[in-house]
Amino acid sequence: MIAKKFLIRYNELKEKSERFSMRFGQGCGCRGRFKECGLKWTQTRQAIVDILSSKEGHLSAEEIFFEVKKILPGIGLATVYRTLELLTDLGIVREFDFKDGRARYEFIAGKETIEHYHLVCRVCGKIIDYEVDTTKDKDPIFEFKNVLSEKFRFSIERSDIQFFGLCEKCKSLVEK
Ligand SMILES: [Zn+2]
Ligand SMILES: [Zn+2]
């Protein structure tokens with residue numbers, strides 16, 4: 001029962017995201033893409049997309065909530081969570097877990113050919129983005145994914161690769 005429900009939801013989302021990705025890179029904003037997917041564009045969605053696309057880094061739902069409240073004071077945290085879930089389902093936003101007890105979100109619309117990895121400092125929590133455009137540059141991890149796909153006949157749709165360790169600053173403090 002659950003599996004069937006999940007499958008329906010998966011197919012719905014897949015269809016939405018396919019329709020959605022067809023529009024990628026054609027100069028239309030998220031608003032137009034929402035319409036393509038038969039979804040309403042709301043003030044809340046606009047505000048959250050604006051915040052995520054303008055701010056660098058990896059924001060938690062609480063941080064996003066704090067920022068949205070400045071624009072839409074009446075908004076609730078639950079609405080922010082629901083909106084983030086929808087944006088994630090549509091591939092506009094990606095959710096990351098950096099093992100610090102809270103999910104973090106990053107704006108990824110228009111970055112389909114970009115491989116994106118993270119280096120996470122286990123002491124200060126600094127997150128370093130490593131990005132490579134695989135249509136322009138070679139990337140060993142991207143190539144490794146192709147090897148895995150072939151070997152296991154597995155179609156990789158997404159991956160979440162993180163490296164944990166010490167950043168330059170924390171490393172120098174430890175060495176002192
Ligand atoms: Zn550090
Ligand atoms: Zn990142």
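## Two hairpins, two sheets and a helical core

A good place to enter this chain is the hairpin formed by β2 and β3: five residues lie between the two strands, and lysine 99, in the turn, has a positive phi of about 60 degrees. The two strands are antiparallel partners, held together by five bridges. To find the register, look for valine 93, which sits opposite phenylalanine 107 of β3. Please keep in mind as we go that this is a predicted model.

Now let us widen the view to the sheet around that hairpin. The hairpin strands belong to an open, antiparallel sheet of three strands, in the order β1-β3-β2. The edges are taken by β1 (59-60) and β2 (93-97); each has a single partner strand, so one side of each has no neighbour in the sheet. On the β1 side, two bridges link β1 in antiparallel fashion to β3, residues 103-107. Serine 60 is placed opposite arginine 104 of β3.

Before going further, here is the overall plan. The chain contains seven helices and six strands, and from start to end their pattern reads α-α-α-β-α-α-β-β-β-β-α-β-α. Of its 176 residues, 15% count as buried. If we take the contacts between residues at least 6 apart in sequence, 47% of them join residues at least 24 apart.

How confident is the predictor? The chain has a mean pLDDT of 84, with 84% of its residues at 70 or more. Residues 18-28 are a stretch to treat with care: pLDDT stays under 50 there, and the model gives this stretch 17 contacts beyond four places in sequence. Where pLDDT is low, the predicted coordinates should not be read in detail.

Let us move on to helix α4, which spans residues 61-71 and has Ala61, Ile64, Phe65 and Val68 among its residues, these four being buried. Why do these four share one side of the helix? Their arc around the axis is only 100 degrees, which places them on the same side of α4. Turn to the other side of α4 and you meet Glu62 and Lys70, both exposed. The cover over the buried residues of α4 includes α3 (43-54), β1, α5 (77-89) and β3.

That brings us to the interior. The largest nonpolar core consists of 21 residues, and Ile48, Leu52 and Ile64 are those with the most contacts inside it. Two or more residues come from each of α2, α3, α4, α5 and β3, and α3 contributes the most, with five. Isoleucine 48 is worth selecting on screen: beyond its neighbours within four places in sequence, it touches Ile64, Val68, Val80, Thr83, Leu84 and Leu87.

Another residue to pick out is cysteine 30, located in helix α2 (residues 30-36). Is cysteine 30 buried or exposed? It has 24 C-beta neighbours inside 10 Å, and therefore counts as buried. Apart from neighbours within four places in sequence, the contacts of cysteine 30 are Val49, Ile92 and Ala109. With valine 49, 19 residues away along the chain, the separation between C-alpha atoms is 7.9 Å.

Finally, let us visit the other sheet. This one is also open and three-stranded, but its order is β5-β4-β6 and its pairing is mixed. Here β5 and β6 (162-165) are the edge strands, and because each has a single partner strand, one side of each is left without a neighbour in the sheet. Ignoring direction, neighbouring strands of this sheet are turned by 20 degrees against each other on average.

Within it, strand β4 (residues 114-121) pairs with β5 in the antiparallel sense, through seven bridges. You can trace the pairing from valine 120, which stands opposite isoleucine 127 in β5, and from isoleucine 114, whose bridge partner in β5 is aspartate 133. β4 and β5 form a hairpin with five residues between the strands, where glycine 125 has a positive phi near 80 degrees. How many of the seven residues of strand β5 (residues 127-133) are buried? The number is zero, so β5 lies largely in the open.

Terms used
Residues numbered from 1 in each chain as written. Chains lettered and ligands numbered in written order. Predicted model: local features only at pLDDT ≥ 70, side-chain atom pairs only at ≥ 80, totals over all residues. pLDDT = per-residue confidence, 0-100. Contact = placed C-beta atoms within 7 Å. Pairing = 2+ DSSP bridges. Buried ≥ 20, exposed ≤ 12 C-beta atoms within 10 Å, placed from the backbone. Arc of directions from axis to C-beta. Core = buried A, V, L, I, M, F, W, Y, C linked by C-beta atoms within 7 Å. Axes fitted to C-alpha atoms, helices over the stretch in contact; angles between N-to-C directions.
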